[in-house]
Amino acid sequence: MTTVKFNVDGKEIIAQEGMTVMDACEENGIEIPKLCKHEALENVMACRLCVVEVDDKRIIPSCGLEVDEGLDIKTQTEKVRKHRRMILELVYRCENHYCMFCESDGDCELQDLMYEYEIDHFEFPRMFPEWPVDSSHDHIIKDSNRCIRCGRCIRACDEVVGNQTLSLGGRGITNKVVVDSGQPLGDSTCTSCGMCMQVCPTGALSNKHSMFKGIKEECELTNSTCLSCSIGCGTDIYTRTGHLVEIEGSDMDKESGGQLCERGRFKPLIDRGKRITNVIYRENGEETELSLEEGLEKAANILRNSNEISAFASGGLTCEALDAFSKAMRAHGALFDIVGAKRYRFETEVKRRINMIEGHFVQDVKEIMKAENILLYDTSIYHTHPVLASYIRRAASNGTTLMTIDAYEDRFWNHADKSITIESPKTQLTRLVNQVIKEGKASIEDLSRVSSILGGLRVHPRDVMEIVNLLEEASYDIIIIGCEIIDRWSLRHIFELAKLEGGYVISLNKASNQYIRSLETEGVYEEPEVAYILAGDEEDHEDMMKLVENADFSIVQSSKNSKLTEMADLVIPSLSMYERNGTTIDIDGNKKEVKKAIEPKVEMKSEIAFFEELANKR
Amino acid sequence: MGKNKPKVATACMCGCSGCHMSFLDVDEFVKDLAELVEFQSSHVIMDVKDIDKVDIGIMEGTITNDENIEVAKKMRENCDILVAWGDCACFGGIMTMRNFGQIDNILEECYVEKGDEDSVVPDDDLIPTLTKKAKSVDEVIEVDAYIPGCPPSAEIIRYGLEKLLEGEIPKLDKDKLRY
Amino acid sequence: MVRKEILICSGTGCLSAGSEEIEEKLMDELWKHELEDKYPLTRAIKRTGCMGPCNLGPMIIIRPEDTFYGNLEPSDVERIVEEHLLKDRVVYDLLVEDKDGHRVEEFEKLDFIEGQKKVVMRDSGDIDPSSLEDYLKVEGYMAARKAIMDMDRSEIIQEIKDSGLRGRGGAGFPTGLKWELAYKEDDDQKYIVCNGDEGDPGAFMDRSVLEGDPHSIIEGMMIAGYAIGADQGYIYVRAEYPLAIRNLQKAIRDAESDGYLGKNIFNQGFDFNVELRVGAGAFVCGEETALLSSIEGKQGRPKYRPPYPVQSGLWGKPTVINNVETFGNIAMIIMNGSDWFRNIGTEGSPGTKVFAVAGDVENTGLIEVAMGTTIREMINIAGGVADGKDFKAVQIGGPAGGVIPNEYLDTPIDYDSLSEAGTIMGSGGFIVLDEDTCMVDVAKFFLDFTQDESCGKCPPCRLGTKRMLDILDKITNGNGEPEDLDKLKSLAKTIQDTSFCGLGQASPNPVLSTLKFFRDEYEKHVHEKTCPTGTCKSMIKAFYIDENLCVTCGNCIEVCPVDAISSGEETYIIDPETCISCGECAKVCPVEAISEGDE
């Protein structure tokens, strides 16, 4: 890499060729003010605050200027400071900022710059425009009064989330950020990921659930990993006086963009479920509260005296918790399963049967953004793995051909080049595709033979051929299989397709912690004597509810009240996601740390200790 | 002691007096101040409200009616150095919220629509006339120094006063400036 | 009898003045005299593009004698047919008068036309723009033939470079150099784009070329395409030019049918297609990167440069984007050679420039002159300041330009001299202002336009121009304060230095220029709260009657258009609330008892 030497404020700087002056300065500890630039987003040179004097004559924004040999840059001359002061004042008074009653007071990049440029009064009187406030969204308040039109939210929604919900509308002074074609935010294509809010430098986009709970400076910051799905996004958790204030995505760079989704960012803050603090024992319609010690005894007793025990754990727990639980359950002779593990077991069977090697599986899900074609089976990943969905949308916006196959709606309709709707099992479509690939196109040209198979399944030969052609043309195909596909036939045909065509597979299951790949699990008794459910933060999971219904006696360990806990005979408190320490394995097989952000609000301080004791009482 | 002590006057326009309260937070420094300056008139600290010729004038509050304007002009005439305390005086403050509407409509809504059947918009010679828009002090008179804050903390106020007593115009830098 | 031709100017200006009624009446009259065979439509009666002297419309020229009749009413047509066509007798009272009151018979002899040097407007007003045949008759597509069949690509580029042609959109960038940069790019897809978004208020040069001689633009683009290696061209026309759009569509269709566009043109293996793209009402789309964004289907907002369009333009491909007038010059340069072009105009600015002359002049319309012509000469060609008023200033360059006062009337019109005088060439707007114009109001007008058209992306332009406009509003409403003039200047500096694109960077120019040359007017507005020309209405005070002088004659009451004057016993009284300050009462008062202002 060639380097370039140039001068900044009299100091000589060496920088990589191709860098911007702003980045080179920041690397060397020289701060240049900015409002529209963000490390995860493309530079647009819109705010004009980063202007510097070049060679004593030109005034150029440093975020757009590439380093060049011999440049003479001055970042703090009287002239540029004057320009910056004027722009700051224009922005502050022409829109409608008022620090005294703004939620972002203390957490605002504009305010920080006003302080830095010592603006203690206005040269020009304030305008008093009235801009609309949109609070139609469940989580986000969009207040155009505080908006400085830096465009970060628009770029975040476009470049990082791939959703393109926001854009700039109107000209001149009427310019503002609009949602879709003028819709309220709560009734739009917004995915509620909150990325726009995170990058907003002022209080224009704020979190309804964090407002007025504390400024970041006064909060404790814990860096952890989200356990809502297997992508395992890094989280920055802000807490104050033992309560969650705000959760933001960490890892903010152009690569990952530091995303979170609705489940990771907002759900924990609006959790209104009643916390389970004591053990509850229900017998003959009577409820008694027990201490933790008593509850432990009771549970051990029941387990000891039963034969058919089904143990089922949530997939959103740490490796250590899952380990301890499985050990305890096996000690009592139980069959043990985890949410999402069944699908993984089927996969393993299929892989073995068709002799499929690991080489056909994607090692890093971010590779999605480099694929030439994506074939997506089951678009429900829009809900189950939103950040993965954003990678797909980004790829599609940048030229990747996206084909989706779903039984109902195509949740990627806005980005897909082709949507195929076919009822289950989708395996029929793939089987035909494989057949064509193996036997050649002639095998499908005999329509009469084909239509007897197709009849009633609404698979059109044209769809089959499109998929075949798509895969044949390109060199890098990725096939993504969503969580809804759980039958072995479908999995087999899809894996086979990847093997035939040299494509790469990403196979998703519902477990957040992919420790299920190493932890041994098996199918459990469907009508056991005892069902022990470690629900954690899960609410009313279908399989868990069924087990509890069909069991003679059910033990549910959960953090909060739900239908599940109402049905159980013995309810034991559990830690919540933010009270746990431990590790988790993400979809790429990387081990990530989960750190405790708040002290447990229940008597049980360590689940591991609890399960160890339970194991000992066999 | 005696004749070379700078004279100080303070006034409160349409303000909550929070800046004056914050000033009193300087605690023991008040005793020092009493020896360093002579308060000629002040909003909360003294009974004397009439403004005379002084060296340093301090103003808090937004300008919202013609009485405020009169006081402001009087302050400017009588003070060598004029200091604006607090966000209301420096920027306009909370009172400027009424600038988004028309004052007549606002008065109608408050007194007539939301009042009982006998309620009318007050109209008496004794009541100062409201200005069309609420303004910061420097929109009416010239100000020499600004100490923003809502209210400015006691330390900041003390810093400002100390600077003035040294004969300098206080200018808050980025570590001290807080709205 | 020699076969005559009747040319009817049918540019947008004359159409709105009623040229269609003239045409209809003409056809009625010819029918009446059974002359429809002798004067077949489109053969002998032609609709042409803009002839030039727009204030003389509707107008016709009768060939071959070149007789010009202007300011026609439908009732005049009868006499033209009976006298001129049937009896070969010129109808003198329908001829146009020159400065000295003489009637001018021939079109070419009009002062307005004689002073011009027509290159780009050579055929507009002469040919039927919807006829490829007409274009071919005036050596149409001969230049393209020469370039594509006989010249090398590098030869063509050298010729354009040697000619010294500079971009006529306003920036004046050397066209040959632009083409060469694109030519050098190694890419098998390149584009030619014609910027027809002419947005400056009062500019209509490009409109007239597109309406009156569309093939000349297509020819220019073809030659450019061949030279740089592009096979696709786009003409971006603003939606507010429906006639231009129609004529362009016809021209493209005809050119395609006859093989001037499409595949294997002139059998040389050269493919070239042209498509139209229509704008949607945004001035900012005249800025080249915003225009390209708009063609790509995105919002029209400027993009950062570098990279420049010649390296990475439309869809990231090398793109040459030139103004309509620039393309209008290409064919002539190729046909006549770069030396011929260099002999016109000045060393630094060869060739001609088309101006849309408007404002307080006797004759408004299109004037094409050789570069180097002075401003004074231009105004003379246009017949001088109208109604015998005094000259005050001329505004050149639209919202990005400045004003030239009396002292600089002898400034030659070329890129460098104008920029030294503190203004820019611009795209061709030329507005003459007389002594009754308020210069503060002129600045306000342009700033209002800019604020409306600002794309909103960067604070200096989006907010800064609004702030400047507010200050000007304040000044013209009588609320100006002394600091305001300095505030205007410091705001202007920030906006100029830090705006993202040319629209913002140039937006303070009208203010700075008027402030420089007419500061006294600003000061009168601010300090004395008066508008010397009486334009800023809110500063005009009501009139009042001095009761000591009033003789109650009642003249004033008779002339007051708003009944503001009431009679008392001893004196008459003007109600200041009703008075509109028209001043009519003061004119008729026999004792000069009425004046403006407070008592």
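How many of the 179 residues of chain B count as buried? The share is 42%. Keep in mind that we're looking at a predicted model here, and let's stay with chain B for a moment before moving on.

Chain B is built from six helices and seven strands. If you trace the sequence from start to end, the elements come in the order β-α-α-β-β-β-α-β-α-α-β-β-α, so to speak a mixed string that opens with a strand and closes with a helix. How does the chain fold up overall? Its radius of gyration is 18 Å, which agrees with the value near 16 Å that a compact globule of 179 residues would have. Laid along its principal axes, the C-alpha trace of chain B covers about 60 × 35 × 30 Å. Take the contacts in chain B between residues at least 6 apart in sequence: 77% of them join residues at least 24 apart.

On the outside, chain B offers about 9,700 Å² of accessible surface, and carbon and sulfur atoms own 50% of that. As for charge, chain B carries 20 positive and 37 negative charges, and the mean positions of these two groups sit 7 Å apart.

Now over to chain A. You'll find 19 helices and 27 strands in it. Chain A has a radius of gyration of 28 Å, close to the 25 Å that the globule rule gives for 618 residues, so chain A is as compact as a globular protein of that length. Its C-alpha trace spans about 85 × 70 × 45 Å along the principal axes. Buried residues account for 60% of the 618 in chain A. Of the contacts in chain A with a separation of 6 or more, 66% come from residues 24 or more positions apart.

The accessible surface of chain A adds up to about 25,200 Å², with 46% belonging to carbon and sulfur atoms. There are 74 positive and 106 negative side chains in chain A, yet the centres of the two sets lie just 1 Å apart.

Finally, a word on cysteines. Across all chains, the structure has zero disulfides, and two residues help show why. A disulfide needs sulfur atoms within 2.5 Å. For Cys196(A), the closest cysteine sulfur belongs to Cys190(A) and is 6.3 Å away, too far for a bond. Cys196(A) is buried, too, at a relative accessible area of 12%. Then there's Cys438(C): its closest cysteine sulfur, in Cys536(C), is 3.7 Å off, again too far for a bond. Cys438(C) is also buried, with a relative accessible area of 1%.

Note on methods
Residues numbered from 1 in each chain as written. Chains lettered and ligands numbered in written order. Predicted model: local features only at pLDDT ≥ 70, side-chain atom pairs only at ≥ 80, totals over all residues. Heavy atoms only, no water. Helix = DSSP H or I, 4+ residues; strand = E, 2+ residues; numbered from the N terminus. Rg over C-alpha atoms; globule rule 2.2 N^0.38 Å. Buried < 20%, exposed > 50% of the residue type's maximum accessible area, 1.4 Å probe, protein only. Contact = heavy atoms within 4.5 Å. Areas by Shrake-Rupley, 256 points an atom, 1.4 Å probe, with all protein chains shown as cover. Lys, Arg positive; Asp, Glu negative; His and termini not counted. Charge placed at Lys NZ, Arg CZ, Asp CG, Glu CD.
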